[in-house]
Amino acid sequence: MGVAQLDEVNNRIAEAAKRFGPLDDNAPKPKLIAVSKTFAAEDIQPILEAGQVDFGENRVQEAQGKWPTLKEAFPNTVLHLIGPLQTNKVKDAVQLFDVIHSVDREKLAKSLAKEFAATGKNLPVFIQVNIGEEPQKAGIAPEDAVAFVALCQNTYNLDVRGLMCIPPAGEPAAPYFAQLAGLAKQANLNELSMGMSADFDTAVEMGATYVRVGSAIFGQRDYP
Ligand SMILES: *Cc1c(COP(=O)(O)O)cnc(C)c1O
């Protein structure tokens with residue numbers, strides 16, 4: 001697994017983007033986030049050398065172990081936090097990551113705002129929506145999403161770029177992607193972070209601007 005798979009994923013994204021419709025030149029093009037969680041620096045290095053810029057990790061501590069060195073070697077890298085963020089990890093997350101995809105509660109919005117004020121940073125963020133309303137999953141409830149976006153923007157001055165979701169496993173994802181796209185429109189947001197190895201073609205056909213693809217590039221993970 002590696003660079004050949006990266007090329008194939010990029011080709012599939014380009015094909016799916018055509019099916020989404022003729023993109024006007026100003027519309028954001030779908031971007032690939034290579035999800036490198038559980039993989040070691042030596043697996044990530046060839047993907048960086050192939051020119052991949054956006055990478056995703058779901059744990060702050062794991063990312064701290066490999067990314068400072070990799071980012072030094074590849075300074076253009078954009079590192080996305082795609083997993084749940086505890087408020088006691090906000091300081092570390094803001095130091096290492098460039099985009100946060102998992103803002104899902106006011107306590108976290110407040111904690112990020114405080115850290116941004118202290119550091120002078122204002123990282124782009126996504127609001128994670130629990131699109132299937134699954135009790136075990138993170139994310140704001142769909143019916144609260146639009147108001148929560150406004151709260152993050154108006155009360156906490158967060159630079160909210162879009163919405164993110166992980167649809168329920170074992171069900172067709174398309175209706176959930178469509179629902180997320182509808183919520184983003186209501187909230188006046190342009191970006192959609194949706195689609196993983198199993199369903200990224202569908203996500204792009206439905207307007208995803210970021211797909212988060214791990215195993216289709218890096219191979220099967222030993223643990224989730
Ligand atoms: C692991 C992970 C992915 C990538 O999953 P694959 O099925 O390996 O492509 C995408 N999004 C999130 C939030 C993840 O945790």
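Here is a short tour of the ligand and the pocket around it.

This is a predicted model, in which local features need pLDDT of at least 70, side-chain atom pairs count only at pLDDT 80 or more, and totals for chains, interfaces and linings use all residues. Residues are numbered from 1 along each chain as its sequence is written, and side-chain values use heavy atoms, with hydrogens and water left out.

The shell around the ligand (residues with a heavy atom within 4 Å) includes Val 35, Ile 82, Met 164 and Gly 214. By class, the shell has six nonpolar, three polar and three charged residues.

Oxygen atoms of the ligand make these polar contacts (pairs of N or O atoms within 3.5 Å):

| Protein partner | Distance to a ligand oxygen |
|---|---|
| Lys 37, side-chain N or O | 2.7 Å |
| Ser 197, side-chain N or O | 2.5 Å |
| Ser 215, backbone N or O | 2.8 Å |

On its own, the ligand has 380 Å² of accessible area (Shrake-Rupley method, 1.4 Å probe), and the protein covers 90% of that.

As for the pocket, its volume, the space filled by probe spheres set on the grid points, is about 520 Å³. Among its 26 lining residues, Lys 37, Ile 166, Met 196, Arg 212 and Arg 221 are closest to the centre. The lining comprises 13 nonpolar, seven polar and six charged residues.

Methods. Polar contact = N/O pair within 3.5 Å; in protein donor to acceptor, adjacent residues only side chain to side chain. Nonpolar A, V, L, I, M, F, W, Y, C, P; charged D, E, K, R; others polar. 1 Å grid on protein atoms, 1.4 Å probe; cavity = no way out; pocket = protein on both sides within 12 Å on 5 of 7 lines; lining within 4 Å.
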